[in-house]
Every structure is written in C-alpha cells, then in structure tokens.
Amino acid sequence: MVKKVIGLLGSPLLQGSTAQLLERAMQGARDAGCAVETITVTSLDFQGCQEKFFCRDHETCILDDDMQQIYPKFVDMDSLILATPVMTMGIPGTLKSFMDRFQVFFMAKYYRNQSLVSPDHKEGRNGLFICISGMDVPEVFIGAKLTVRAFFDIIDCRYLDELLVNGMDRIKDITTRPDLLDAAYKKGYALGASLVASVQSPDIT
C-alpha cells in the first residue's frame, strides 16, 4: 500500500520561499516512494470556528464549506509536512483559522475518547514543520512551534522534525541558499522513507 503524505502550505505566496521549501520537501517524500498532495490553505473557502459545538457529538462540523473535504484527507493521510512563515510572532491568521476548525478531531479525541484516527493508523504518522522568519531573534519561532505542536497532537501526528529558517529579510531569495532547499528535500525524503520502510518491514510481533 502506497503511503500518503500531505503538504500544507500556510503562506499566500504560491511561489515564495515557504512554498519552495515545501515543494522540495514534498519532492523528497515522493522520491522516497510516497504519494503526495499539497493543500494551500489560502485557496480554500472556509470560515473560522463558530463554536457551534456540533462536533461534540458528531464526527464532522456543522459548517458546510471546503473543510468537509479536508477532514477525510487528514484522517487517511500517513504523515504531514506543514510549511508557514512567521507572522506577528505566530502563524498567519488563515492557517490558524484552518487549525481551529479541527475541533472536529479535538472533540473526538479528548471529549468522546474516540479518536478519528485508529490506533493502528496513528502509529508512524509523523509531522515535519518548516517555518521561515524575516527576523533573526532567538524567540521568533516559539509561538509558531507551540501552535503547530498542539495541532499535530490533536490530529494524532507526532512532531518528528523541523526546519526553521530565520533571517529571511537578509536572505530574501531562498534560491540563493541551495543548502536550505537541500535540507528540506532531505527531511522530506527521510519522512517518506520511514513510511515506506514501515510497509516493507511490518511489525509482526
């Protein structure tokens, strides 16, 4: 069975530095033998969470928008690569609203104790976090990392690895740093390779 890796782009710039790093990571996962799909958050038509609490007792959201097509993908995926820039010491608002709509997963896991991801499937579900920042200060990634770690936990995806690039105001063009693009590729490949290895050498104990 081919393993599926989803790439989640939180930047509105489809050809920007964040998108290019994600593309290289996804190429790595593809070259490792995985099927890949990239979702651009800013291209989706959805609202932020309205706290209707329909998801307390149901496995979906009462709001009928593009998120209804997203939830099954995040149940079925085998790993996630999330890429975003830092904005205001956190993540972009559209990406945060997207994450907030995963109360569907939160309520299932923590309120009903019935995670949407089966125990067998959550084994090996890993997350790679790619993040860039214009500023070059020590604490610039703290807010983003806390949010992403919480999101990964909610969707039963282990925070496996990260690629954090600061000082982008100085670098400006990520193509001038092939070492960073290569690092993204290698991390994506490693994530994909671990999934493929789990299929080739299943645990039979």
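**Exercise 1. A charge over a ring**

Task: In this predicted model, find which ring has R149 over its face, and state the distance from the ring centre.

Solution: R149 lies over the face of Y159. The distance from the ring centre is 3.9 Å. A second case of this kind involves R56, which lies over the face of F53 at 4.3 Å from the ring centre.

**Exercise 2. Classifying a ring pair**

Task: The structure holds 14 aromatic pairs. Work out what kind of pair F152 and Y159 form.

Solution:
- Step 1. A pair of aromatic rings is described by the distance of the centres and the angle of the planes.
- Step 2. The ring centres of F152 and Y159 are 5.7 Å apart, and centres within 6.5 Å count as a pair.
- Step 3. The planes stand at 50°. Stacked needs under 30 degrees and edge-to-face needs over 60, so the pair of F152 and Y159 is tilted.
- Step 4. Ring pairs also link F152 and Y159 into a cluster, whose members include F129 and F151.

**Exercise 3. Buried or exposed?**

Task: Decide whether F152 and Y159 are buried or exposed.

Solution:
- Step 1. Buried means under 20% relative accessible area.
- Step 2. F152 has 1% relative accessibility, so F152 counts as buried.
- Step 3. Y159 has 14% relative accessibility, so Y159 counts as buried.

**Exercise 4. The surroundings of strand β4**

Task: Describe how β4 is covered and which strands pair with β4.

Solution:
- Step 1. Strand β4 covers residues 126–132, and 7 of its 7 residues are buried.
- Step 2. N126, L128, I130 and I132 point one way from β4, while G127, F129 and C131 point the other way.
- Step 3. Strand β3 (residues 79–85) pairs with β4 in the parallel sense over 7 bridges. Within this pairing, T84 has C131 as its bridge partner.
- Step 4. Strand β5 (residues 158–165) also pairs with β4 in the parallel sense, over 7 bridges. Here I130 has L163 as its bridge partner.
- Step 5. Together with helix α6 (residues 142–154), β4 and β5 make a right-handed β-α-β unit.

**Exercise 5. The unit built on β1 and β2**

Task: Find how many bridges join β1 to β2, and which helix makes a β-α-β unit with β1 and β2.

Solution:
- Step 1. Strands β1 (residues 4–9) and β2 (residues 35–40) run parallel and are joined by 6 bridges.
- Step 2. The bridge partner of G7 is T38 in β2.
- Step 3. The helix is α1 (residues 17–31), and the unit is right-handed.

Terms used:
Residues numbered from 1 in each chain as written. Predicted model: local features only at pLDDT ≥ 70, side-chain atom pairs only at ≥ 80, totals over all residues. Heavy atoms only, no water. Buried < 20%, exposed > 50% of the residue type's maximum accessible area, 1.4 Å probe, protein only. Helix = DSSP H or I, 4+ residues; strand = E, 2+ residues; numbered from the N terminus. Pairing = 2+ DSSP bridges. Right-handed = clockwise from strand over helix to strand, strands pointing away. Phe/Tyr/Trp six-rings, centres within 6.5 Å; stacked < 30°, edge-to-face > 60°. Lys NZ or Arg CZ within 6 Å of the ring centre and 35° of its normal.
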